[in-house]
Structure formats: C-alpha cells, structure tokens
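The following exercises concern helix packing and empty space in one protein chain. Please work through each task with the model in view before reading its solution.

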Amino acid sequence: MTAILQLIFAFTWPRMVRSDAPWPISIIIAICSLAATAATIFMPGSSVMSHGVEVIAVGVLLVFISQVLRGAEAEGRLAGVVSGVTGMVLGVLGSAWAASAQVSYGFGIAVVTVIALLGAGAIGVTRLPNRITMILAPLVAVALGAAASALPIDILWYQGAVIGLIAGLLVGSLRALALASRSVRNLSGILGLSSGIILLSGASSWYIMEVLAFI
C-alpha cells in the first residue's frame, strides 16, 4: 500500500504543481520513494528509517541533474528543482508507513492517523473559510485521535491526541495552500494532494511516536 501511494504521488505531484517537465521529476520521485520503502523493509539500520536521509541526498542530486540536462534555455528550471526536491522528500518520508509495520505499535499508528485524517478531512471538504478550518480541523482530529486510543491498539491517549493535532494541522494548512494556489483543479490534483497528505501524515505520526517514546 505504501508503494502504491508513492507511485500515485510520483505521477500526480509534478502535474499538480504544473511542472514544465513532469516526467523526469515523476521518475525520480518514484525511484527514490520505492528505494526508501525497500530499504526500510529489507535494510533496517540503527533505526528503521535510517536510510531515508541517504536516499534524499541522492534524490536531491538527481533532481538537480535532471534540470541541468534540460539545457540553459529551458524554462522553469528553478521551479522544477524546488518542486522536484519537495516532492521527492515527501515521497521518501512516506516510507514511514512501511516502517510502522516493523514495530509492535505500528497498527495503532495507522488506525489513529486514519481516524484523525478522516475527521480533519470532513472539515476540510466544507466551504468554511480557511481561518475557521485551521481551528476546527485540528480540534476534531485531536478529539478523534485521543478517543481512538481507547481501542486495543497500544496507543496512549496523549499520543493519539498529538498525532491527531499534527494530522489536523496538515489537512488545514495544505487545504489553504491548495485553495490559494488553485493547484487542485482536476482528478490529478485531488490525487496528488490527498496522497501527499497521507504520506506526510504517516511520516509525522511515526516521528511523533519516536519522540514520545522518550517521554
């Protein structure tokens, strides 16, 4: 499922941001994302996500090379670097969903994150102003995340609340960004935004649990 989400994101992201040369960026995002997921599953280091930094470093270099090879006369090369690096990092961080399958509390992370995203998403699809959405989406997500911890999923209530808070902030902020930039105009934009939110929320939930483990 992680790989499928990453492939959908790799195809739709450059088109959502209207890149001048979408295919090279899509290929780089796909290769780096799948490499990070494979390393997470088959090459765990000191941390399950320890190889993500290495993949990101290679991905940044590939994005720069892809834009240089377009030639000095090509348009949108700087924008291509920014969008390419951003999309590549998001795709690589999405491998945290695969990483969560390697730990005992991984199922709990998935359940709480999905429930929080559904609650925040229900607010995000309304026609409420961004200022109201930025308040309501995190509040609903926090409440649902904390409530979901009552399920037998090895997640404490405050962990669920923090996961919900970050998920709600992601939904609210990315909704506002999408509306301001008018980048979501078709099915490709919807898939790009939604898959990006899911990948990024999986990464944020993983690292939240990593930090809270020391508390």
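**Exercise 1.** At what angle do helix α3 and helix α4 pack, and how far apart are their axes?

*Solution.* The model is a predicted one, and the two helices to be located in it are α3, residues 52–68, and α4, residues 77–93. Their packing angle is about 155°, and the axes lie 9 Å apart. Since angles over 145 degrees count as roughly antiparallel, α3 and α4 are therefore roughly antiparallel to each other. The crossing in which α3 passes α4 is right-handed.

**Exercise 2.** Which residues of α3 and α4 meet, and how do the residues of this contact divide into nonpolar, polar and charged?

*Solution.* Begin with α3, which contributes G52, V55, I56, G59, V60, V63, F64, Q67 and V68. On the side of α4, the partners are R77, G80, V81, G84, V85, M88, V89 and V92. Sorting the residues of this contact yields eleven nonpolar, five polar and one charged.

**Exercise 3.** Which residues line the largest cavity, and which helix gives the most to its lining?

*Solution.* The count of cavities of 30 Å³ or more comes to one, and the volume of the largest cavity is about 30 Å³. Its lining is made up of A36, A39, T40, V48, M49, H51, G52 and S95; G52 also belongs to the α3 side of the contact with α4. Helix α2, residues 22–42, gives the most to this lining, with three residues. By class, the lining of the largest cavity holds four nonpolar and four polar residues and no charged ones.

**Exercise 4.** Which elements give two or more residues to the lining of the largest pocket, and which do so for the second largest pocket?

*Solution.* Take the largest pocket, with about 560 Å³ of space and a lining of 19 residues, of which G124, V125, R175, L193 and I197 lie nearest its centre. The elements that give two or more residues to this lining are α6 (106–124), α8 (157–181) and α9 (187–212). Its residues divide into 13 nonpolar, four polar and two charged.

Turn then to the second largest pocket, in which about 310 Å³ of space lies. It is lined by 16 residues, and those closest to its centre are W13, M16, L174, L177 and L193. Here the elements that give two or more residues are α1 (2–16), α8 and α9, with α9 giving the most, namely five residues. This second lining divides into eleven nonpolar, four polar and one charged.

How values were computed: Residues numbered from 1 in each chain as written. Predicted model: local features only at pLDDT ≥ 70, side-chain atom pairs only at ≥ 80, totals over all residues. Heavy atoms only, no water. Axes fitted to C-alpha atoms, helices over the stretch in contact; angles between N-to-C directions. Helix = DSSP H or I, 4+ residues; strand = E, 2+ residues; numbered from the N terminus. Parallel < 35°, antiparallel > 145°, perpendicular 65-115°, else oblique. Left-handed = near helix turned anticlockwise from the far one by under 90°. Contact = heavy atoms within 4.5 Å. Nonpolar A, V, L, I, M, F, W, Y, C, P; charged D, E, K, R; others polar. 1 Å grid on protein atoms, 1.4 Å probe; cavity = no way out; pocket = protein on both sides within 12 Å on 5 of 7 lines; lining within 4 Å. Points joined across faces, edges and corners; volume = space filled by probe spheres on them.
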